[in-house]
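Hi,

Here is the structure I promised to pass along. Have a look at it first, and then read on for what turned up.

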Amino acid sequence: MHEIFNAIKKSAIKIKWLIENEDTGYSTNINSTGDTQLKIDIKSDLIIEEELKKISSVKEIISEEKESRTPINKNGKYLVGYDPLDGSSLLDVNLSVGSIFGIYQDGYDGKNLKAVVYIIYGPRLELVIADEDVKLYKLDENREFIFVKNIKLNEKGYLNAPGSTQSCWSKKHKQMIDDIFASGYRLRYSGGMVPDLHQILLKGGGLFSYPSTSDKPKGKLRMVFEVFPFAYIFEKAGGGAIDGKKRLLDLSPSHPHDTTPCFFGSNEEIKLVLKYNE
Ligand code: FBP
């Protein structure tokens with residue numbers, strides 16, 4: 001597992017260079033879910049694939065930017081599902097973005113996750129690893145990732161990150177979000193899943209939501225590449241992650257690019273979502 005973590009750390013440094021130097025314009029390629037790919041999406045995906053190919057314990061990889069799985073080592077143990085550059089549409093306005101990695105074994109269901117890593121490309125290059133617990137690392141002057149601290153959520157937070165198109169919200173969801181703000185929560189939403197969830201994790205708690213909406217009844221965020229990895233992290237950090245009713249890590253995608261509504265938060269906020277969805 002540690003050789004996979006090291007391959008991800010090497011990828012992080014190379015992708016950081018791309019972000020600082022590469023053209024953030026669109027390519028002519030359309031990915032498997034109909035999004036026009038940025039040149040940097042394609043290059044980040046290639047960097048990660050090259051690094052993971054060198055790892056004997058990696059059996060297969062699947063990227064958010066590709067339709068199908070890529071076999072690596074038939075005797076490998078782990079399957080790696082990843083989003084090479086989540087929120088990349090924010091790069092041209094110089095906002096923080098991230099890379100997300102779910103390390104699975106024997107399948108891509110939520111219950112098959114063995115560890116998770118995400119990278120955040122912000123003012124600093126930081127990386128979070130979740131296996132038994134959740135640890136924050138940052139890149140130091142020697143280009144080494146050094147341990148900063150363990151990440152633990154409080155029982156209740158004060159930040160609210162409400163995603164998706166508000167005009168397409170259900171009445172019930174709008175009521176819940178209004179009530180949460182009326183109770184004193186602060187709005188914190190950049191449109192980048194990684195920085196938005198990173199802020200809630202490091203500031204001790206709150207709620208991130210990307211619900212089912214009239215324009216996206218199955219939500220927008222993808223189970224294997226985005227949702228399961230953060231559900232794993234929020235649970236390991238002492239919080240919760242649900243689809244409005246069910247525990248996200250109990251879900252099984254019928255296709256690697258399946259999406260789901262999702263709510264990530266500290267325990268009090270997750271209880272609140274369950275109450276509004278009774
Ligand atoms: P990509 O995977 O295409 O980057 O989309 C994911 C994302 O950008 C998330 O990072 C973010 O939370 C969400 O979409 C923003 O969606 P919206 O603009 O609808 O609120």
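Phe208 is buried, with just 1% relative accessible area. Keep in mind that this is a predicted model, so everything below is computed from it.

What does Phe208 pair with? Its ring forms an aromatic pair with Tyr189. The centres are 6.2 Å apart and the planes sit at 35° to each other, which makes the pair tilted. Tyr189 is in the loop between strand E12 (186-187) and helix H4 (193-202), while Phe208 belongs to strand E13 (residues 206-210), so the pair ties together parts that are 19 residues apart in sequence. Unlike buried Phe208, Tyr189 counts as partly exposed, at 34% relative accessibility.

That pair is part of a bigger picture. Searching the whole structure gives eight aromatic pairs, and ring pairs join Tyr189 and Phe208 with Tyr118, Phe230, Phe234 and Phe264 in a cluster.

Two of those cluster members, Phe230 and Phe234, also turn up where H4 meets helix H5. The axes of H4 and H5 (residues 223-236) come within 12 Å and cross at roughly 10°. An angle under 35 degrees counts as roughly parallel, so that is how H4 runs relative to H5. On the H4 side, the residues in contact are Met193, Val194, Leu197, Ile200 and Leu201. They meet Glu226, Val227, Phe230, Ile233 and Phe234 from H5. By type, the contact has nine nonpolar residues, no polar ones and one charged.

There is another ring worth a click: Tyr137 has Lys9 lying over its face, 5.4 Å from the ring centre.

A couple of single residues to finish with. Is Asn277, in the segment after helix H6 (267-276), buried or exposed? It counts as buried, because its relative accessibility is 16% and the cut-off for buried is under 20%. Leaving aside residues up to four places away in sequence, Asn277 touches Lys172, Gly244 and Lys245.

Trp17 goes the other way. This residue is in helix H1 (residues 2-21) and is exposed, with a relative accessible area of 53%. From Trp17 to Ile48 the C-alpha to C-alpha distance is 14 Å, with their positions 31 residues apart in sequence.

Cheers

Conventions. Residues numbered from 1 in each chain as written. Predicted model: local features only at pLDDT ≥ 70, side-chain atom pairs only at ≥ 80, totals over all residues. Heavy atoms only, no water. Phe/Tyr/Trp six-rings, centres within 6.5 Å; stacked < 30°, edge-to-face > 60°. Helix = DSSP H or I, 4+ residues; strand = E, 2+ residues; numbered from the N terminus. Buried < 20%, exposed > 50% of the residue type's maximum accessible area, 1.4 Å probe, protein only. Lys NZ or Arg CZ within 6 Å of the ring centre and 35° of its normal. Axes fitted to C-alpha atoms, helices over the stretch in contact; angles between N-to-C directions. Parallel < 35°, antiparallel > 145°, perpendicular 65-115°, else oblique. Contact = heavy atoms within 4.5 Å. Nonpolar A, V, L, I, M, F, W, Y, C, P; charged D, E, K, R; others polar.
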